[in-house]
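Colleague: I should like to learn how to read a few features of a fold. May we take them one at a time?

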Amino acid sequence: MQPFEEKIDRLLSLRPYDQPPEQREASLLEILKDQLDYACERHVGYRNLIQNWPTDYRSVSRVADLPFLPVGILKANPPLSLVSREEVKRTLTSSATTSQVPSRVVLDSPTARRMTKGVVSIVRDFIGSDRRPYLVVDTAGFQGSEGDLGARGAAIQGLQPFASETTYCLGVSEQGELQLDLNRLQEFAQNHRDEEVLVYGFTYILWNHLVKPLTTAGVQLRLPKARILHSGGWKRLQDQAVEKGVFNDRLAQVFGTSPDRIVDFYGMVETVGVIYPDCPAGNKHGPVFGDVIVRDPLTLKPVAAGEYGIVQVCSVLPTSFPGHLLLTEDMAQVLAYDGCPCGRRGISFRFAGRIPKAELRGCGNLETKRS
């Protein structure tokens, strides 16, 4: 075990949003410097980049001054790896349309373990730790092969620690299209009407394959204690003129619950184990084992509160690939650097779409027909 791995495990044992920003910065900076040393030892190309960075990372005093990679570099094939081929247990593949190249990240056992712990830590802070019946608005076959897992499959699997049982309510038609299994859905609702239940689906799939058909049929599921999590696909809904408030109201209506029980979260395959759910104030936050930096598009310096910029994600969880400091292709606005009304410490921000001319992510290859 590397010395910094014990420090990562300590962060994973803490409540994810309680540390003051200054304390979090110091903890992350120490570990990330160790991880840069480790990555440089294990990958010649990465070491070459770091050695030619304008500043020496060992001497910096802020996470924002550490060298970072553009997220697009993880589209390399074969994937960038800091471990031997024998140590790779699983490859995660990002969503991408058929005309785009997906990102691919490799996981060894320690990184996979931390990924699970990270997601559990974050989700637990929002919905509690109890196991409950889990309704997946997707197909049971969308889990990927033993060694390869896509964006949708990773999200579905990440919530399994909160499940007492799992039900999938979509099937695939003869034409290869997703379709709602209404009988299975209604059976789930009937069996768990008065229980706390967990629901997950990709945003676009929830709208097109659950909300729209149930609304047309005049069906309400009567699950007032449902806790609904969703991610991905907002661009496609905006193209249909579906705004977030409308989505939440209509989704809550078909489940017979309140819109405040719906949680939208952002996550990328490239940031294994770190997701960004909306808090009750409508903001997103970085956990104690990661952080977010929003950079000015021209200067790449961190922006002030109230300003917009390019999102950089930071995480100490991955050690099997160099994914700890990544500049994404997404934009966000910083609301504040501390003091969110929800009580979570550290930066609060809201995503504001893609960088102009950046690739549109395929959001889990939605609607792709199967051969």
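Colleague: How do the residues lining the second largest cavity divide into nonpolar, polar and charged?

Modeller: There are eight nonpolar, no polar and no charged residues in that lining. Nonpolar here means Ala, Val, Leu, Ile, Met, Phe, Trp, Tyr, Cys and Pro; charged means Asp, Glu, Lys and Arg; the others, Gly among them, are polar. The model is predicted, with local features requiring pLDDT of at least 70 and side-chain atom pairs pLDDT 80 or more, while totals for chains, interfaces and linings use all residues. Residues are numbered from 1 along each chain as its sequence is written, and side-chain values use heavy atoms, without hydrogens or water.

Colleague: What is a cavity, and how many of 30 Å³ or more are there?

Modeller: On a 1 Å grid over the protein atoms alone, a cavity is a set of points where a 1.4 Å probe fits but cannot get out; lining residues have an atom within 4 Å of a point. Points join across faces, edges and corners, and the volume is the space filled by probe spheres set on them. Two cavities of 30 Å³ or more are counted, and the second largest has a volume of about 40 Å³. Its lining consists of Val123, Phe126, Ile127, Leu229, Val263, Phe265, Ile275 and Pro277.

Colleague: Which element gives the most to that lining?

Modeller: Helix H4 does, with three residues. H4 (109-127), strand E11 (262-267) and strand E12 (275-277) each supply at least two. Helices (H or I, at least four residues) and strands (E, at least two) are DSSP runs numbered from the N terminus.

Colleague: What is the strand order of the open sheet?

Modeller: Strands of a sheet pair through backbone hydrogen bonds, either parallel or antiparallel. Two strands count as paired when DSSP finds at least two bridges between them. The six strands here run in the order E6-E4-E9-E10-E11-E12, with mixed pairing. Strand E6 (163-168) and E12 each have a single partner strand, so one side of each lacks a neighbour in the sheet. The twist from one strand to the next averages 25°. E6 runs parallel to strand E4 (residues 132-136), joined by five bridges; Arg132, for instance, is partnered by Ala163 of E6.

Colleague: Which strands do the helices H4 and H7 lie across?

Modeller: Angles run from 0 to 180 degrees between N-to-C directions of axes, lines fitted to C-alpha atoms, for helices over the stretch in contact; contact means heavy atoms within 4.5 Å. H4 lies across E4, strand E9 (197-202), strand E10 (226-231) and E12, at about 10° to E12. Helix H7 (residues 203-217) lies across E9 and E10, at about 100° to E9.

Technical notes. 1 Å grid on protein atoms, 1.4 Å probe; cavity = no way out; pocket = protein on both sides within 12 Å on 5 of 7 lines; lining within 4 Å.
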